[in-house]
Amino acid sequence: MAHVSDLIASDIGEYLRQHETKGLLRFITCGSVDDGKSTLIGRLLYDSKMLFEDQLAAIENDSKKWGTQGGEIDFALLVDGLSAEREQGITIDVAYRYFSTERRKFIVADTPGHEQYTRNMITGASTADVAVILIDARKGVLTQTRRHSYLVSLIGIRQVVLAINKMDLVDYDAATFARIDEDYRAFAARIGLQQITSIPLSALEGDHMTGPSAAMPWYEGPSLMQFLETCELDEARAQRQPLRLPVQWVNRPNLDFRGFCGQIASGSLVPGQRIRVQPSGRETRIARIVAMEGDRAQAVAGESVTITLEDEVDLSRGDVVSAADSPAEVADQFECTLVWMADEPMLPGRPYLIKIGTRTVGATVTEPKYKVNVNTLEHLAAKTLALNEIGVCNIALDRAVAFDAYADNRTTGGFIVIDRLSNNTVGAGMLHFALRRAHNIHLQHLDVDKAARAGLKGQRPAVLWFTGLSGSGKSTIANRVEQKLLALGRHSYLLDGDNVRHGLNKDLGFTAADRVENIRRVAEVARLMVDAGLIVLTAFISPFRAERDMARALLAEGEFIEVHVDTPIEVAEQRDVKGLYAKARRGELKNFTGIDSPYEAPQTPELRVDTSTMIAEEAAERVIALLRKRGLIT
């Protein structure tokens with residue numbers, strides 16, 4: 001009995017070892033509604049014997065309840081897991097399924113076909129090696145087919161299977177297949193898709209799913225499963241590219257060991273290999289490749305490793321280890337394609353976080369050069385990007401990073417955009433190239449600095465940032481404070497919201513995007529004035545917390561003082577000396593803060609004053625008292 005159990009354990013161990021060495025193919029299915037994506041995946045799972053008896057029993061019961069095949073097994077229900085999907089017969093979210101054959105392991109992502117779920121498709125496609133694009137043989141190439149193909153091209157998937165499905169409904173007609181194939185290839189050439197394998201099939205009946213079909217003797221190409229088992233993996237291609245290893249963690253278990261951990265994005269590693277650390281540019285050699293089982297002689301793309309270096313080099317999380325003879329580029333400004341994935345629109349000039357590889361940096365996005373109509377590929381003018389929209393923009397980072405063009409390396413050329421406040425992922429992008437000015441424009445050293453200018457004036461520079469609703473009293477209080485500073489012999493300047501819009505910002509309106517740009521410009525001007533040694537007062541509604549945080553980040557610690565003029569909207573509206581609230585209530589003034597545009601109150605301002613309970617003179621005295629307490633004035 002023990003002998004039998006030993007044999008079983010041995011067989012299981014051998015099976016698991018074989019499974020570990022199989023290649024892994026990630027692919028997506030996409031197409032128009034009712035093209036049969038979920039049915040195709042369900043059939044693959046069924047034919048690859050990846051369903052347990054209880055799953056088969058469950059799907060048989062579900063087919064009777066939700067199915068569309070008249071009591072027969074509805075393979076789509078194996079994938080459409082949401083109740084809303086089953087009720088409507090469509091795919092809403094990305095559904096991932098795992099299966100394997102004797103030759104290869106697979107992860108398939110069933111992506112939704114509707115335009116409003118573009119972000120879901122981008123998510124599913126981001127790691128795929130192959131895209132299976134389904135076409136209903138009765139309908140041919142549709143607008144959704146073109147849109148999905150454009151997104152596949154955009155995300156960098158090089159291998160496409162054109163699965164012309166439901167051939168049983170056109171009597172397995174070879175001419176229909178040839179016509180659709182020709183139409184699609186003509187379109188694919190326009191968007192740069194070249195590696196296309198067209199397969200006529202019927203997912204429901206199983207034709208050309210795993211082997212030849214007697215119903216279509218005129219087709220001599222591979223079945224779908226034969227193609228998926230033999231096509232080249234992106235991992236194999238990546239191993240032929242130059243070395244890129246984004247550092248994820250510095251491993252320092254004791255004083256005698258300092259290793260650098262990460263997953264190899266491309267290329268290979270061997271001890272003694274010359275490498276370049278980026279963005280610093282320092283060169284050294286690989287000393288060891290450390291693994292649990294001992295030192296290794298080589299590591300390749302897709303493997304997670306720990307390396308040690310021959311020299312003491314400053315290397316930390318976010319840096320990239322590159323091949324010395326073929327390093328990545330280094331820059332801080334780029335052109336990119338941006339896919340917006342948040343309900344709130346992208347606002348040019350707003351500070352975001354960007355994660356590229358293992359590095360997270362601050363970034364701002366310019367106004368889009370254009371956005372793309374994904375149905376017609378037309379380039380359209382745009383000031384911002386809304387949910388599921390795609391545009392080409394310039395992007396500026398707060399520091400230089402190592403990168404490759406996304407077309408060359410998806411790991412070091414792709415990034416996600418993160419909201420600074422919520423920490424939500426709001427976008428995804430693909431880098432095209434570094435802007436020329438990123439290499440040609442450098443900071444010029446100046447001998448006369450901020451300290452020298454402030455010393456000449458005998459004061460410490462700072463920004464007093466007054467924020468609050470229209471009519472709260474910001475300008476009145478700021479004006480009183482500046483009068484008091486003048487009386488004390490201090491050098492100051494007041495930037496007022498209305499005054500600035502007569503000159504510097506006269507080209508801006510009051511949309512959310514224009515409000516962001518308004519504050520960005522003012523913040524930059526305030527920084528220059530602080531550098532000149534001045535005490536700067538700004539009186540702006542500045543409704544968005546992100547832009548006020550951006551202004552704070554431009555200055556040194558202690559130089560930004562936020563004063564929240566916290567007046568209830570009822571009180572501000574009663575004052576309404578300019579008649580703006582009345583116009584907004586009548587609908588004559590759009591995007592008015594507090595009425596149809598939000599005001600995000602400061603959470604931890606340095607000072608809060610309520611002008612419904614104190615007069616402007618008292619509020620100004622409180623500001624002066626705060627300046628004295630902080631040592632800015634005496």
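How many bridges join S1 to S3, and do the two strands run parallel or antiparallel? Seven bridges join them, and the strands run parallel. The legends below describe this pair and its surroundings in a predicted model.

**Figure 1. Overview of the chain.** The predicted model contains 19 helices and 29 strands. Of the 634 residues in the chain, 51% are buried. Among contacts with a separation of 6 or more, 72% are between residues 24 or more positions apart.

**Figure 2. The six-stranded sheet is open and mixed in its pairing.** Its strands follow the order S2-S3-S1-S4-S5-S6. The edges are taken by strand S2 (95-100) and strand S6 (195-200); each has a single partner strand, so one side of each has no neighbour in the sheet. From one strand to the next, the twist averages 25°.

**Figure 3. Strand S3 pairs with S2 and with S1.** S2 and strand S3 (residues 104-110) run antiparallel and are joined by six bridges. A hairpin of three residues connects S2 to S3. Two positions show the register of this pair: tyrosine 96 stands opposite alanine 109 in S3, and arginine 97 has valine 108 in S3 as its bridge partner. The pairing of S1 with S3 is parallel, over seven bridges, and there threonine 29 stands opposite aspartate 110 in S3. Of the seven residues of S3, six are buried, so the strand is largely enclosed by the rest of the structure.

**Figure 4. Helices H5 and H7 pack on the six-stranded sheet.** H5 touches strand S1 (23-31), S2 and S3, and its direction makes about 160° with that of S1. Helix H7 (residues 174-190) touches strand S4 (130-136), strand S5 (159-165) and S6. The direction of H7 makes about 160° with that of S6.

**Figure 5. Helix H5 is largely enclosed by the rest of the structure, because six of its eight residues are buried.** The buried residues of H5 are Thr118, Asn120, Met121, Ile122, Gly124 and Ala125. They pack against the strands S1, S2 and S3, and also against H6, strand S17 (329-340) and helix H10 (410-413).

**Figure 6. Helices H5 and H6 pack at an angle of about 45°.** The axes of helix H5 (residues 118-125) and helix H6 (residues 143-155) are 10 Å apart. The two helices are therefore oblique to each other, and their crossing is right-handed. From H5, the residues Thr118, Met121, Ile122 and Ala125 take part in the contact; they meet Arg147, His148, Leu151, Val152 and Ile155 in H6. By class, the residues of this contact are six nonpolar, two polar and one charged.

**Figure 7. The five-stranded sheet is open, with parallel pairing.** The strand order is S26-S27-S25-S28-S29. Strand S26 (492-496) and strand S29 (607-609) are at the edges; each has a single partner strand, so one side of each is left without a neighbour in the sheet. The twist in this sheet averages 15° from one strand to the next. At the S29 edge, strand S28 (residues 560-565) and S29 pair in the parallel sense over three bridges. Valine 565 stands opposite valine 609 in S29.

**Figure 8. Helices H13 and H15 lie against strands of the five-stranded sheet.** Helix H13 (residues 474-487) packs on the sheet and touches strand S25 (462-467), S26, strand S27 (535-539), S28 and S29. The direction of H13 makes about 165° with that of S27. H15 lies across S25, S26 and S27 and runs at about 150° to S25.

**Figure 9. Helices H15 and H16 pack with their axes 10 Å apart.** The angle between helix H15 (residues 512-531) and helix H16 (residues 545-553) is about 15°. H15 is therefore roughly parallel to H16. The crossing of this pair is right-handed. In the contact, Val516, Ile519, Arg520 and Ala523 in H15 meet Glu547, Met550 and Ala551 in H16. The residues of the contact divide into five nonpolar, no polar and two charged.

Conventions. Residues numbered from 1 in each chain as written. Predicted model: local features only at pLDDT ≥ 70, side-chain atom pairs only at ≥ 80, totals over all residues. Heavy atoms only, no water. Axes fitted to C-alpha atoms, helices over the stretch in contact; angles between N-to-C directions. Helix = DSSP H or I, 4+ residues; strand = E, 2+ residues; numbered from the N terminus. Parallel < 35°, antiparallel > 145°, perpendicular 65-115°, else oblique. Left-handed = near helix turned anticlockwise from the far one by under 90°. Contact = heavy atoms within 4.5 Å. Nonpolar A, V, L, I, M, F, W, Y, C, P; charged D, E, K, R; others polar. Pairing = 2+ DSSP bridges. Buried < 20%, exposed > 50% of the residue type's maximum accessible area, 1.4 Å probe, protein only.
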